[in-house]
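Please keep the sequence and the three-dimensional view side by side while reading. The paragraphs below move from single residues to pairs and then to groups of residues.

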Amino acid sequence: MTFPDSMTVMLFAAISLLTAAAALILTARLAPAQRGAGFAPAGMARPLIDMPHRYEFREGYLLSPVTSDDAFLPEEADRTTAFDALARVLADLHPDLPARMRALRKRGEAFLLTGTLGHDALSVAGRHEDGRVILSVGPANASDGRAAVDSATFAKLQEEADDLRTALDAATMPIWKQDGEGRIAWANASYLGLADRKLGGGDEAVALGWPLPQIFADQVAPLPDAGKTRRCSVDLPDAETPAWFEVSAQLTEDGGAICTARPIDRLIRAETSLRSFMQTLSKTFASLPTGLAVFDRRRELMTFNPALTSLSNLPMEFLSSRPTLVDFLDQLREARRMPEPRDYRGWRDEIAKLEQGASEGTYQEIWTLPDGQSLRVTGRPHPDGAVALMFEDISQEVTLTRRFRAELDLFRSVLDDEASALAVFGRDGQMVLSNAAYADLWGDDPRLTEVAPRLADATRLWQGRCAPSGIWGEIRQFAAFQIERAPWVETITLLEGERLACRVSPMAGGATLVRFLPLESGMSDPLGWSEAAASVAGAPPPLAAPHAAVAGMAEPAQAPYSPPDPKAL
């Protein structure tokens with residue numbers, strides 16, 4: 001066996017020592033670079049990421065010290081911009097980190113994110129405490145399912161989770177989360193209470209188990225589209241009617257969904273009540289003899305009743321096709337169910353007048369149809385710009401009115417042809433009727449005045465045209481029920497010397513009739529006074545027979561009127 005000489009041995013030993021030294025130096029230089037690639041600031045000799053780093057800020061100013069071994073901020077970093085610098089350095093650690101840091105700074109929203117730096121797992125936690133923003137960066141051991149988190153940050157996150165859970169439990173609407181297969185993964189207190197009621201409640205309640213029951217069953221399968229709702233009902237043993245909800249869903253990244261059920265029982269009751277009211281209203285409209293046509297704001301026929309069909313003679317198919325107001329009136333014109341206009345321009349003006357008047361609630365006219373039938377057309381505004389037209393057949397009313405006017409004209413003609421002057425006063429003393437002979441006799445026609453004269457005014461007029469007599473006061477007493485209301489006759493003399501027979505008699509309803517009849521000249525006693533009247537001093541002697549012109553004027557035409565007893569009223 002041959003051994004190398006001492007020079008060779010020394011050469012190999014030197015080479016080995018140099019190789020080991022180079023390896024140590026290279027390892028020391030490469031290890032920090034591998035751990036802090038992209039994060040260590042320039043000039044940092046030995047950045048450490050195996051230890052947690054805590055940064056405290058107040059109003060954006062860095063309060064905590066920065067050591068030379070900090071892996072994320074240099075020791076000479078500007079403390080006024082350190083938060084922004086730290087956000088830039090950590091931006092590549094997690095895609096949500098920049099937004100979460102902005103939310104932390106502006107609104108104090110706590111967060112916890114985990115990212116990787118080379119082969120190391122880092123956790124970044126932020127919270128707001130006592131006016132300070134605290135940011136913690138440290139290692140996270142994800143291999144055994146655990147992560148290293150700052151205890152204060154963890155307590156803050158747990159407090160925020162408890163607040164969120166309390167807020168969700170306080171919500172009056174059921175909220176739950178379900179997975180992609182429809183299994184309930186989480187639910188708030190309102191959902192649990194509703195599930196308990198559905199399963200029976202009380203002493204005989206079925207205990208809720210896991211997984212929780214889907215109380216809406218197949219009503220939410222498939223889920224409503226985003227931004228839309230679906231009405232669902234739940235039958236409850238302790239309620240006579242189902243409970244109604246509007247269910248909405250928000251899909252999550254894991255294929256599940258967070259669902260919300262808003263109670264709408266009051267809305268359902270209101271809709272049911274409105275539907276019932278509309279049905280009652282429709283039945284009422286169907287039985288009305290007045291035709292009804294309601295046009296919406298676009299002037300399309302929205303509602304009509306059967307009476308409109310019979311009054312307009314328009315077919316049901318046309319009315320059901322929702323014609324416009326112009327088309328509706330055109331059809332009425334063609335069916336000769338409205339007055340014929342003089343020309344087309346006048347017809348269009350009439351339509352505009354009708355539409356504007358109906359919108360303002362002022363349109364009301366009488367349509368006289370070619371067949372003699374009369375319709376009262378009324379326009380009324382409705383909410384949201386709609387208008388309603390009402391057609392009422394008033395043919396009988398118009399016929400009766402015309403007949404009454406004809407009879408009244410005939411009655412007036414008869415009164416005007418009467419030779420005696422007539423004046424009728426109501427119970428209140430107001431003149432209600434007179435004839436042409438009255439106007440010719442006294443030179444005053446009450447028919448031409450807006451305000452009819454009263455009895456006191458009329459007696460003053462008569463007294464001023466006649467010789468002195470006490471008859472005028474007696475007439476006033478007669479009308480005021482101060483003397484017996486039996487017919488009586490007296491003579492009066494005009495200032496011109498003409499003698500008149502004045503007859504006062506009661507009428508129905510407490511009215512009083514005063515009648516004046518001229519007497520023929522030369523007749524000294526036309527009234528045929530009784531012998532008792534002849535005994536009055538200065539009275540003229542009685543005649544054998546009354547004057548023919550007034551014979552029978554003193555005979556009562558009806559039973560004397562007696563005023564009602566006030567005690568009996």
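Ser64 is buried, with a relative accessible area of 9%, where buried stands for under 20% relative accessible area, exposed for over 50%, and partly exposed for what lies in between (1.4 Å probe, protein chains only). This is a predicted model, in which local features need pLDDT of at least 70 and side-chain atom pairs count only at pLDDT 80 or more, while totals for chains, interfaces and linings use all residues. Residues are numbered from 1 along each chain as its sequence is written, and side-chain values use heavy atoms, with hydrogens and water left out.

Ser64 is found in the loop between β2 (61-62) and α2 (82-89); such element names refer to DSSP runs numbered from the N terminus, helices being H or I runs of at least four residues and strands E runs of at least two. From that loop, the side chain of Ser64 reaches the backbone nitrogen of Glu56 at 3.2 Å. That distance fits a polar contact, defined as a pair of N or O atoms within 3.5 Å, of which, within protein, one must be able to donate a hydrogen and the other to accept it, and for which residues adjacent in sequence count only if both atoms are side-chain atoms.

A further contact with the backbone involves Arg485, which sits in the loop between α14 (471-479) and β18 (488-493). What is the nearest side chain of opposite charge to Arg485? It is that of Glu484, 10 Å away, and Arg485 is buried yet has no salt bridge; for charge, Lys and Arg count as positive and Asp and Glu as negative, whereas His and the chain ends are not counted. A polar atom of the Arg485 side chain does, however, lie 2.8 Å from the backbone oxygen of Ala511.

Elsewhere, charged side chains are paired. Side chains of opposite charge can pair when their charged atoms come close, and a salt bridge is here a side-chain nitrogen of Lys or Arg within 4 Å of a carboxyl oxygen of Asp or Glu. The whole structure holds 24 salt bridges. One of them joins Arg322 to Asp296, with 3.4 Å from N to O, and this pair links distant parts of the chain, 26 residues apart, since Arg322 is in the loop between α8 (316-320) and α9 (325-334) and Asp296 in the loop between β11 (291-295) and β12 (301-304). Arg322 is partly exposed at 37% relative accessible area, whereas Asp296 is buried at 11%. Arg322 also meets Glu300 in a salt bridge of 3.6 Å, N to O. Because Glu300 lies in the loop between β11 and β12 and Arg322 in the loop between α8 and α9, this pair ties together parts that are 22 residues apart in sequence. Glu300 is partly exposed, with a relative accessible area of 21%.

Another salt bridge connects Arg447 and Asp445, whose closest N and O atoms are 2.9 Å apart; Arg447 is partly exposed at 37%, while Asp445 is buried at 18%. Salt bridges that share partners also join Arg231, Glu246, Arg262 and Glu271 into one network.

Turning to helices, the buried residues of α9 are Leu325, Phe328, Leu329, Asp330 and Leu332. An α-helix has 3.6 residues a turn, so residues three or four places apart point the same way. After α9 comes Arg336, whose phi is positive, near 55°. In helix α5 (residues 189-198) lies Gly193, partly exposed at 33% relative accessibility; Gly193 and Pro174 are 19 residues apart in sequence and 8.7 Å apart in space, C-alpha to C-alpha.

Phe277 belongs to helix α6 (residues 265-287) and is partly exposed at 48% relative accessibility. Together with Leu274 and Met278, Phe277 makes a nonpolar surface patch of about 310 Å².

The cysteines remain. A search of the whole structure finds 0 disulfides, a disulfide being a pair of cysteine sulfur atoms within 2.5 Å. Cys259 is in no disulfide, and the nearest cysteine sulfur, that of Cys232, is 9.7 Å away; Cys259 is buried, with a relative accessible area of 0%. Why does Cys466 form no bond with Cys502? The sulfur of Cys466 is 8.7 Å from that of Cys502, the closest cysteine sulfur, which is too far for a bond. Cys466 is also buried, at 5% relative accessibility.

Methods: Patches are made of residues with over 30% relative accessible area and no salt bridge: like charges are joined within 9 Å, nonpolar side chains (Val, Leu, Ile, Met, Phe, Trp, Tyr) within 5 Å. Accessible areas come from the Shrake-Rupley method with a 1.4 Å probe; for residues, only the protein chains shown count as cover.
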